[in-house]
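Please find below a colleague's note on the structure under review. The points are numbered so that each can be checked against the coordinates in turn.

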Amino acid sequence: MGLKIVVLAKQVPDTRNVGPDAMTAEGTINRAALPAIYNPEDLNALEQALRLKDKFPGTTVTIVTMGPPRAAEVIRESMYRGADGGFLLTDRAFAGADTLATSYALSTAIRHIGDVDLVIGGRQAIDGDTAQVGPQVAEKLGLNQITYVEEILALEDGLLTAKRHIDGGVETVQAPLPLVLTVNSSAAPCRPRNAKLVMKYKRCLAPLEKPAEGLAYAEEYDKKPWLTLGQISCADVNADLAQCGLSGSPTKVKSIENIVFKAKESKVLTGSDEDIKGLMAELLANHTIG
Amino acid sequence: MNSVYVYCELEGTQVAEVSQELLSKGRKLADTLGVKLEAVAAGSGITGKVEAQILPYGVDKLHIFDAPGLFPYTSLPHSSILINLFKQEQPQICLMGATVIGRDLGPRVSSALHSGLTADCTALEIGSHEDKRAGKVYDQLLYQIRPAFGGNIVATIINPENRPQMATVRSGVMKAEVLDANYPGEVIVEDVAKFVPETDYVVKVIDRQVEKASSNLKGAPIVIAGGYGVGSKENFELLYALAKEIHAEVGASRAAIDAGFCEHNMQIGQTGVTVRPKVYIACGISGAIQHVAGMKESGIIISINTDPNAPINQIADYVINGSVEEVLPKMIKYYKG
C-alpha cells in the first residue's frame with residue numbers, strides 16, 4: 001500500500017558562503033549577493049521520502065514550500081529527483097512570519113492535502129537555524145514527532161523505526177504513523193537530478209510565475225496539467241489571518257546589529273625570545289597560568 | 001508574581017550541566033524581576049536524587065515528575081507536562097537547553113501555548129520596549145539575544161504579548177554557580193497522571209547509546225585552539241605539547257577541522273562547543289564570527305598569528321605577530337623557565 005508523504009522544503013539564502021558584500025553599508029542583508037538554494041537538510045529529508053517511495057509502490061511525495069513565487073524552484077528541483085508535485089504556499093498575509101506563524105501556515109496546507117501519513121522536513125534551515133518548524137507543525141496537526149532523524153530503518157504495519165541523533169549518542173525509536181519527522185544533515189545525501197525528469201518538468205510553473213502577457217507555449221500547459229504546480233493562498237485554506245504572518249508571530253525583532261568586534265586595548269608582541277619570555281613571565285606572575 | 005521556569009534535562013538521574021547553567025541565569029533574571037525561580041525535572045526514579053543537583057542554584061520551587069515512562073525522553077509526555085503545568089502556573093519566562101531534547105520539546109510547547117520561542121540565545125537580559133505604532137510601552141521583557149543569518153548579525157528578539165517568553169540556550173554559554181548548598185527550596189512531587197494522558201506513551205525507545213563526552217574542552221580553565229593557520233596535523237602536536245605543560249585542553253576552529261587537522265568534537269564556535277576559559281590561546285585562527293561566538297567570553301585572549309590584521313586580534317588581550325612553529329616552542333621553553 002502506498003503512503004502519502006509531504007516533504008517540507010524551503011528556499012534559503014546561502015548563508016554558508018557569505019562574502020564581504022553580503023551586508024550593505026547600512027547594515028542590512030544584501031540578498032542579491034547571496035544565491036538562493038534548496039535548504040540542505042530539506043534535501044536529506046527528500047531523500048528519505050524518495051526511499052520510501054522506491055520501497056512502497058503507489059507512494060506519493062508532495063512538496064510544500066512557503067515563500068515568494070520564485071520559491072517554486074524547490075518544487076521543480078524536488079520533481080527532478082522524483083517527487084510527484086508540490087504546492088507553493090504564497091500570500092502577502094504570510095509575510096513576516098516567525099516560526100510559529102510559519103508552522104501554522106504550513107499546517108493549513110498539509111490539512112488541505114489531507115490524510116497524510118508522513119510529513120518529513122529538514123531539521124533546520126540555514127537562514128534561521130532554529131529547528132522549530134518541524135515540531136511546531138507536528139503540534140499544530142496534533143501529530144507525534146521524531147526529530148534529528150538520521151535514517152528510517154523500517155516501516156511495517158504502520159510502525160516506523162528510525163535511528164536518530166541525541167546529545168552524545170544515537171537512539172533507535174519506534175512510533176506509529178502518522179508522524180512528523182525532521183532529518184539531519186548526517187542522513188544520506190539526496191540523489192542527483194534525473195535527466196528524464198528534468199526534461200519532463202523543467203517547464204513546470206506555479207500560476208504566479210507565469211508572465212502576465214502569457215506564455216509562448218500556453219497550449220502546452222492546457223495539454224499537460226502536471227506543468228502547472230499547486231499554489232495555495234490564505235483564502236484557499238481558510239487560514240485564520242490572526243495566526244498568519246507578522247500578526248500571528250509572538251516573537252518580534254526588537255533590534256538587529258551587525259557584528260562588529262569591540263576593539264580591546266591589546267598588547268602587541270613579536271615572536272622574539274625576549275617578547276615571549278616577558279609574556280610567559282607576566283602570565284606566571286599574575287597567576288593566569290601555572 | 002509569575003515565576004521564571006527552567007526545564008531541567010536529565011540523563012538517568014544526572015542533571016545536565018546546561019540546565020544548571022540556566023538555573024543560575026534564571027536566578028539572576030528572577031532577582032531582577034523580583035519573582036521566584038522554579039524548576040521542572042521529569043524522569044524515572046529521580047525523587048531523592050535530583051534535588052541536591054537543582055536547589056543549590058537558587059531554586060525556590062522544584063516540580064518533580066517521576067514515572068516509569070518519562071525516561072528516556074520522548075516528545076509527547078514531556079510536552080504534556082510543560083503544557084499543562086504552564087497553563088496552571090502561568091510562568092512569565094521559560095528557559096531550556098538548546099540541546100536535542102530542548103529543541104524537540106521547546107517548539108512543541110510554544111506551539112501549544114502560542115507563546116514565542118527563540119532558539120540558541122547567547123545572552124538574556126531584562127529590558128523595556130516601546131511599540132511606537134501601537135503607543136504601548138512594555139516593561140521588564142526578556143531580551144532574547146541571538147546570532148542570526150549564519151552568524152552575520154545579532155538580533156534581539158522580544159515577545160511583547162505572549163507568555164511564557166521561551167528561550168533555548170546552548171551548553172557553556174551561561175555560567176553555573178552554586179548560590180547556596182542549603183538553599184531552602186520547596187520540592188513538589190507532582191501526580192504525573194494528572195498531566196500526561198496514557199496515550200502519550202506511544203514512542204518506544206528500542207535502543208540507546210550515549211557516550212560520555214570525549215573532550216573536556218567545555219570546563220577547561222585554559223584552552224589552546226588551532227586554526228587553518230596551524231598548517232598541518234603535525235603542527236597541531238605543538239599545541240598538544242604546550243597544553244601538556246600548562247594543563248590546557250586543545251580545541252580547533254572549523255577551518256582546521258575541515259582541513260583534516262583534527263577531530264570534529266574539538267570544534268569551538270557557534271556550531272561547536274562554546275567555551276569560556278580563563279585563558280584562550282588562539283593559534284593561527286583568523287577569527288570568523290562563528291568561531292568568535294564560541295569563545296569571546298574567555299578571560300584573557302592571546303592570539304598568535306602571522307597576519308597582524310586577523311580579526312581575532314581585535315578582541316585579543318595579547319597579540320603575538322609570529323608563526324605557530326616559532327612561538328609555541330618558545331612558550332614551552334620559557335614556561336619551564
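The note takes up the overall form of chain A, then selected elements and residues of chains A and B, and finally the cysteines.

1. Status of the model. The structure is a predicted model, and local features are reported only where pLDDT is at least 70. The comments that follow should be read with that in mind.

2. Overall form of chain A. Chain A contains 7 helices and 13 strands. Its radius of gyration is 24 Å, whereas a compact globule of 290 residues would have a value near 19 Å. Along the principal axes, the C-alpha atoms of chain A fill a box of roughly 80 × 50 × 45 Å.

3. Burial and contacts in chain A. Of the 290 residues in chain A, 53% are buried. When contacts between residues at least 6 apart in sequence are considered, 69% of those in chain A join residues at least 24 apart.

4. Surface and charge of chain A. The accessible surface of chain A is about 13200 Å², and carbon and sulfur atoms account for 54% of that area. Chain A carries 31 positive and 36 negative charges, and the mean positions of the two sets are 4 Å apart.

5. Helix α4 of chain A. How many of the 9 residues of helix α4 (residues 133-141) of chain A are buried? The number is 7, so the helix is largely enclosed by the rest of the structure. The buried residues are Gly134(A), Pro135(A), Gln136(A), Val137(A), Ala138(A), Lys140(A) and Leu141(A); the list thus includes a lysine, Lys140(A). The cover over these residues includes β1 (4-8), α3, β6 (118-122), β7 and β10 (179-183) of chain A, together with α4 of chain B. Chain B therefore contributes to the enclosure of α4(A) through its own α4, as part of the cover over the buried residues. After α4(A) comes Gly142(A), which has a positive phi near 70°.

6. Thr99(A). This residue lies in helix α3 (residues 99-113) of chain A. Thr99(A) has a relative accessible area of 17% and counts as buried, the cut-off being under 20%. Leaving out residues up to four places away in sequence, Thr99(A) touches Thr130(A), Gln132(A), Val133(A) and Gln136(A). Of these partners, Gln136(A) is also among the buried residues of α4(A).

7. Strand β7 of chain A and the loop after it. Ala154(A) is part of strand β7 of chain A. Beyond its neighbours within four places in sequence, Ala154(A) is in contact with Leu159(A), Leu160(A) and Thr161(A). The C-alpha atom of Ala154(A) is separated by 29 Å from that of Thr108(A), which is 46 residues away along the chain. Asp157(A) sits in the loop between β7 (144-156) and β8 (159-166) of chain A. Asp157(A) is not a glycine, yet its phi is positive, at about 50°. Is Asp157(A) buried or exposed? With 82% relative accessibility, Asp157(A) counts as exposed.

8. Backbone features of chain B. Most residues other than glycine have a negative phi, and most peptide bonds are trans. The following places depart from that pattern and merit inspection. His114(B), which is not a glycine, has a positive phi of about 50°. His114(B) is located in the loop between α4 (100-113) and β7 (117-121) of chain B, and at 26% relative accessibility this histidine is partly exposed. The peptide bond from Phe71(B) to Pro72(B) is cis, with omega near -5°, and Pro72(B) belongs to the loop between β5 (61-66) and α3 (75-89) of chain B. A cis peptide bond, again with omega near -5°, also leads from Arg163(B) to Pro164(B). Pro164(B) is placed in the loop between β10 (153-158) and β11 (165-169) of chain B.

9. Cysteines. The count of disulfides over all chains is 0, a pair of cysteine sulfur atoms having to lie within 2.5 Å to qualify. Why does Cys121(B) form no bond with the closest cysteine sulfur? That sulfur, in Cys94(B), is 12 Å away, which is too far for a bond. Cys121(B) is buried, at 1% relative accessibility. For Cys283(B), the closest cysteine sulfur is in Cys262(B), at 11 Å, and this distance is likewise too far for a bond. Cys283(B) is also buried, with a relative accessible area of 0%.

Methods
Residues numbered from 1 in each chain as written. Chains lettered and ligands numbered in written order. Predicted model: local features only at pLDDT ≥ 70, side-chain atom pairs only at ≥ 80, totals over all residues. Heavy atoms only, no water. Buried < 20%, exposed > 50% of the residue type's maximum accessible area, 1.4 Å probe, protein only. Helix = DSSP H or I, 4+ residues; strand = E, 2+ residues; numbered from the N terminus. Rg over C-alpha atoms; globule rule 2.2 N^0.38 Å. Contact = heavy atoms within 4.5 Å. Areas by Shrake-Rupley, 256 points an atom, 1.4 Å probe, with all protein chains shown as cover. Lys, Arg positive; Asp, Glu negative; His and termini not counted. Charge placed at Lys NZ, Arg CZ, Asp CG, Glu CD.
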